[in-house]
Amino acid sequence: YSTSLKAMNFLDCINDVPIDDKITEIKESCFIFDSDTGKIASVEAQSAILNVEVLEFYKTILKQFGWQLKSEKINKALVFVRDNEILKININNSNIILFNSFLSFKNN
């Protein structure tokens, strides 16, 4: 048993993306589009920590949720993939984090 494990918070808009306690989701920015072929979700969050810390947090934590890092733009953006999903995390100059999730429904 580890005392360093704490209850994890998640985005409401993209509910399997964890957030640090220094990241605040801007709930009114949530946009979700569902169609027969997939789902797009987008939401913004305000960060009280440095961009590099946000990106390191996501590079570390998302692995545990099955995401693989596909590309990285230093101090600005990350792109992850998991099965038929893509998750993009971008940070602008105002410490606003933009999360974009793309889920494609496979045609079997």
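Two strands count as paired here if DSSP finds at least two bridges between them. Keep that in mind as we walk through this predicted model, starting at strand S6 (77-82) and moving on to strand S7 (85-91).

S6 and S7 clear that bar with six bridges, running in the antiparallel sense. To see one of the contacts, look at valine 79, whose bridge partner in S7 is lysine 88. The hairpin they form has two residues between the strands, and in it aspartate 83 takes a positive phi near 50°. Most residues other than glycine have a negative phi, so this spot is worth a look: aspartate 83 isn't a glycine. As for its surroundings, aspartate 83 is exposed, with a relative accessible area of 73%.

Now follow S7 itself. In a regular strand the side chains alternate between the two faces of the sheet. S7 does this: Glu85, Leu87, Ile89 and Ile91 point to one face and are buried, whereas Ile86, Lys88 and Asn90 point to the other and are not. Buried means under 20% relative accessible area.

What does S7 pair with next? That would be S8, again in the antiparallel sense, over seven bridges. Isoleucine 91, on the buried face of S7, stands opposite isoleucine 97 in S8.

The loop between S7 and strand S8 (96-104) holds asparagine 95. The hairpin of S7 and S8 has four residues between the strands, and asparagine 95 takes a positive phi near 60° there, although asparagine 95 is not a glycine. Is asparagine 95 buried or exposed? Neither, quite: asparagine 95 is partly exposed, with a relative accessible area of 28%.

Technical notes
Residues are numbered from 1 along each chain as its sequence is written. This is a predicted model: local features need pLDDT of at least 70, side-chain atom pairs count only at pLDDT 80 or more; totals for chains, interfaces and linings use all residues. Side-chain values use heavy atoms; hydrogens and water are left out. Buried means under 20% relative accessible area, exposed over 50%, partly exposed in between (1.4 Å probe, protein chains only).
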